[in-house]
Amino acid sequence: MLSRLQELRKEEETLLRVKAALHDQLTRLKVEELALQSLIRAREEDTADPSAVVTEDPHQALGQMDNEAAINQTELHLGLQPHEEEEEEEEESDS
């Protein structure tokens, strides 16, 4: 019985870490989506105004976002520390 309880606690900790990691990833994806929408709007404005000069290569910007997403994903895995996430989870629960 005690070992089952310990097993469930470990599983709960793991699930809380996964939840926090997914929340962080969702936040990053939302930011990336907003950046892409901004790029699309800027491109549409440039197309509407042919005299405007494009100062940024859209392919380069997307490449930078891909690299940034890869870096963020790596940080997500490396930055995962059980104690901090438990504290953050408790703070979110209190709010």
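Trainee: Which elements of the protein have the lowest and the highest mean pLDDT?

Mentor: Helix H3 (residues 82–94) has the lowest mean pLDDT, 55, and helix H1 (residues 2–48) the highest, 95, where pLDDT is the predictor's confidence in each residue, from 0 to 100. Where pLDDT is low, the predicted coordinates should not be read in detail. This is a predicted model, in which local features need pLDDT of at least 70 and side-chain atom pairs count only at pLDDT 80 or more, while totals for chains, interfaces and linings use all residues. Residues are numbered from 1 along each chain as its sequence is written, and side-chain values use heavy atoms, with hydrogens and water left out.

Trainee: What makes the pattern of the protein α-α-α?

Mentor: Helices are DSSP runs of H or I with at least four residues, and strands are runs of E with at least two, numbered from the N terminus; the protein has three helices and zero strands, and α-α-α is the pattern read along the sequence.

Trainee: Why is the contact of Arg-4 with Glu-7 called a salt bridge?

Mentor: A salt bridge requires a side-chain nitrogen of Lys or Arg within 4 Å of a carboxyl oxygen of Asp or Glu, and the closest N and O atoms of Arg-4 and Glu-7 are 3.1 Å apart, so the pair qualifies. Because Arg-4 and Glu-7 are three residues apart in helix H1, about one helical turn separates them.

Trainee: Why does Arg-4 count as partly exposed?

Mentor: Buried means under 20% relative accessible area and exposed over 50%, with partly exposed in between (1.4 Å probe, protein chains only), so Arg-4 at 43% counts as partly exposed, as does Glu-7 at 44%.
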